[in-house]
Amino acid sequence: MIKNFIITAWRNLRRNKVFSLINVFGLAVGLTCCMLISAYLYQELTYDTYSANAKQLYRVGLRTDANDANNYPNVDIAVGQGIKNAYPEVLATTRLENRGPVFVKYNDKQFKEEKIVLIDSNFLQLFSIPLLEGDIKTSLTEPNSAVITKAFALKYFGNSSALNKVLTIADVPTRITGVIDKVPDNSHFHADAFMSISTFITASTKQTWSNIGYYTYLLLNKNADIKKLEASFPQLVTKHVVPEIQTDMGVSLAEAQKSVNTFKFFLQPITDIHLHSATKYEFEANGDIHYVYIFGALALFILLLACINFTNLSTASSSKRSKEIGIRKVLGSEKNKLVSQFLTESVMLTALAMLFALGIIYLLLPYFNNLAGKHINFGFFLNYQALILEITLTIFVGVVAGIYPAFFLSSFKILAVLKGNSVAQTAGKGGLRSSLIVFQFAISTALIIATFVVYQQLHYMQNKKLGYDKNQVLVINDAYTLGNNINAFKQQLLNDNRVVNATISSSVPGYNGGVDGTQIYAKDVADKGTRSEIHTNIFHVDNTYIPTLGIQLIKGRNFYPNAPGDSASVIINEAAVRDLGWGNTNPLGKTIIRSGQRHFTVVGVVKDFHYTSAKQKIVSLMMLSGHSTGSVIVKIKAADVHTLVNDIKNQWTAFNPGGVFNYTFLDQQFASLYNTEERTGQIFTSFAVIAVIIASLGLFGLAAFMIRQRVKEIGIRKVLGATSGSITVMLSKEFLKLIVIASLIAFPITWYAMSKWLQDFAYRIDIQWWVFVLAAGIALLVATITISFQSIKAALANPVNSLRSE
């Protein structure tokens, strides 16, 4: 019986090549999108699960207020060991500190390396990262030792063994004691070299609790009560943090005790870090659980659209098979066997579509990886688990797509179909098919609207007034390698008439590095008994920083050229003025006290500027005058930028022979802050186009079906004098009503969804009414073009042919 079903199904597929091709294409596109997105979601949802201890490892974070932007994923040097000593359910602790970028030397080779970290000796063991060479238990127990990746070893040592060779990392001779393959792709941290943390932290290092900087992890007992453990952390704050704040800030014990309410340690499962943690100090940029939901819904909707197409196209071609069905019933075929026959055809079509989908995936995978920022290989889709899922998906999609056509076709009445009225009895049952078209175009219209909103928000952030000038600003990195020549190099640049200004600082707007932070409070406010500490970021700058970047100084003065003269001066932004309680007073001449009981006098106020991404709210900033040699920032005005850059490179080489000239432009760095939004926009655009194409195929099928039902009506209208144009309008109007209904359904749903998405941005657009009108217009245009082919063909047909049987 099954063999007969398969043979019959294959014959029918060959007999209806166009129908089969359209169905296979639609299902293949839907399956391709579904499987690609599923692979992406699998990688996102399995981050940090590679460790044997994944369910017991937690990262210690610090929360200073209810604003997630002020949460810290790292804590001070002594926190991990202190927690372990206090609670028996903590089995082990380990730390990770980022040290890159640094220069690494070996013989005549020197490279700037970004991914250099410090770790405790048990770090690799706890995270289950095996060594290819060396002993994982002892490889990092000694200072000046390091474990490197296989690729890193090949880069410096070629094919020879790396063990016991010595690299100079950040001017520190370091012996290689182990080699790993690599850190798994689905990890929230990645590094090329893991140095022993004991290289820089010794027994004499002060063990403090009240700062940040070390990513600290705890291995907990399987039966540990996380909530109970977190609830007891305030005791540790009272014991360790309060005395430090009292000493550093020079306040009373009662005043320092307030930090118990604002200094809260918390635990986060490592498997939650990638999708549920988005602080500005993350080790690497994380994902977002919201995008997992969004892309998961996209995969489901695209697959549903393809299944709906199959349903509409199958019912549209029903008249071609009506007599076959009638004859089968006359010969005794039961309804359940007819249903099985049609479901077999559906599953076979889906199986062909799956094979095509795998071929499409093979071709598109490099582009998808580039778009999604992943490293998925084609073998992922061919392992036995994936193959089982693909077979299951094929059967499931085949049944879902074919179940309605199977029952629809098998329910034809024998006398009706043998008289040639195969679909007459279904004329009043078009509600389901119309509803499916409405659903398809509602999804398509929603995706078009979402695409517009994403790109509008991206354009808004990229073109928002930042409070500084990012255009034609050259940032020369690693300026510290110039040593004592750095000021001479800066002066040489200023002598060039193509250079407007230049400044030396590690604090570059839009860069994650170079930003220090501390707790401060206003002395005059504290004297009144209403003191409140705030967290502020710190820029270390010289007197040319503000004019070079075009930052607006709205009160007071800039720093003096002689830095020591302003060693106790500070320039703050408007956000700091508000947060310190000076909103209605003149802050000039007032005193700020920071940790260590250091006093600073406010000499100037700058207008708020976006020194981080425009996604984030502008927070307090204080600028201190001092020597910070991370970068040389150069404002230029040259028409021939390429020539100027080459000239600057030559000057760099003259002052720094053998040094690497590494530069970027500030506007390019600024644009890179929005890679995630850019990628989201591209993904929405791609799937909006795919959804519209699939929906158009479904509309094409429904148009063919409904026009075939009305072919005699059209013939009579033409005999009675109706023009081809009026018939085309009549036929198209009914379909376009469905598109209008779809748009009206899509509008409120999309407005709500995109409004929620925009809430993640501190500065965002208002969704404009014309976006909805334009999206509906695009959907109507596509629908009109799709329908016109069938409508015009029917309107131009000779009425004699359609009325011949009457």
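This tour moves through the structure selection by selection and states what is found at each stop.

The model is predicted, and local features are described where pLDDT is at least 70, with side-chain atom pairs counted only at pLDDT 80 or more and totals for chains, interfaces and linings using all residues. Residues are numbered from 1 along each chain as its sequence is written, and side-chain values use heavy atoms, with hydrogens and water left out.

**Stop 1: the four-stranded sheet**

Select strand 15 (499-505) and strand 24 (663-665), which are the edge strands of an open sheet, each pairing on one side only. The sheet has four strands in the order 15-23-14-24, with antiparallel pairing. Neighbouring strands here are turned by 20° against each other on average, direction ignored. Strands (E, at least two residues) and helices (H or I, at least four) are DSSP runs, numbered from the N terminus, and two strands pair if DSSP finds at least two bridges between them.

Next, add residues 631-636, which form strand 23 and pair with strand 15 in the antiparallel sense over six bridges. Within this pairing, S505 stands opposite S631.

Now display the two helices that pack on the sheet. Helix 17 (residues 486-494) touches strand 14 (473-477), strand 15 and strand 23, and its direction makes about 165° with that of strand 15. Helix 21 (residues 641-655) touches strand 14, strand 23 and strand 24, with its direction at about 30° to that of strand 14. Contact means heavy atoms within 4.5 Å; axes are lines fitted to C-alpha atoms, for helices over the stretch in contact, and angles run from 0 to 180 degrees between N-to-C directions.

**Stop 2: salt bridges**

How many salt bridges does a search of the whole structure find? The search finds 13 salt bridges, each defined as a side-chain nitrogen of Lys or Arg within 4 Å of a carboxyl oxygen of Asp or Glu. Side chains of opposite charge can pair when their charged atoms come close.

Select K112 and D478, whose side chains meet in a salt bridge (2.9 Å, N to O). K112 lies in strand 5 (residues 109-113) and D478 in the loop between strand 14 and helix 17, so the pair ties together parts that are 366 residues apart in sequence. K112 is partly exposed at 22% relative accessible area, whereas D478 is buried at 4%. The term buried means under 20% relative accessible area, exposed means over 50%, and partly exposed lies in between (1.4 Å probe, protein chains only).

Move to D566 and R557, where the closest N and O atoms of the salt bridge are 2.9 Å apart. D566 is buried, with a relative accessible area of 0%, while R557 is partly exposed at 25%.

Then select R99 and E97, which meet in a salt bridge of 3.8 Å, N to O. R99 is partly exposed at 31%, and E97 is buried at 14%.

Finally, show D496, R498 and D647 together, as they are linked in a network of salt bridges.

**Stop 3: N53**

Select N53, in the loop between helix 2 (17-45) and strand 1 (57-63). Is N53 buried or exposed? N53 is buried, with a relative accessible area of 18%. A polar atom of the N53 side chain lies 3.0 Å from the backbone oxygen of L126. Not counting residues up to four places away in sequence, N53 touches Q125, L126, S128 and L219.

**Stop 4: helix 5 and two asparagines**

Display helix 5 (150-157), which precedes the loop that holds N164. Which residues of helix 5 are buried? They are F152, A153, Y156 and F157. Seen down the helix axis, the buried residues fall within an arc of 100°, so they line one face of helix 5; the arc is that of the directions from the helix axis to the C-beta atoms. K150 and A151 are exposed on the other side. G158 follows helix 5 and has a positive phi, near 65°.

Most residues other than glycine have a negative phi. Select N144, which has a positive phi of about 55° and sits in the loop between strand 7 (131-133) and strand 8 (145-149). N144 is partly exposed, at 31% relative accessibility.

End at N164, where phi is also positive, near 70°. N164 lies in the loop between helix 5 and strand 9 (166-169) and is exposed, with a relative accessible area of 52%.

Key
Polar contact = N/O pair within 3.5 Å; in protein donor to acceptor, adjacent residues only side chain to side chain.
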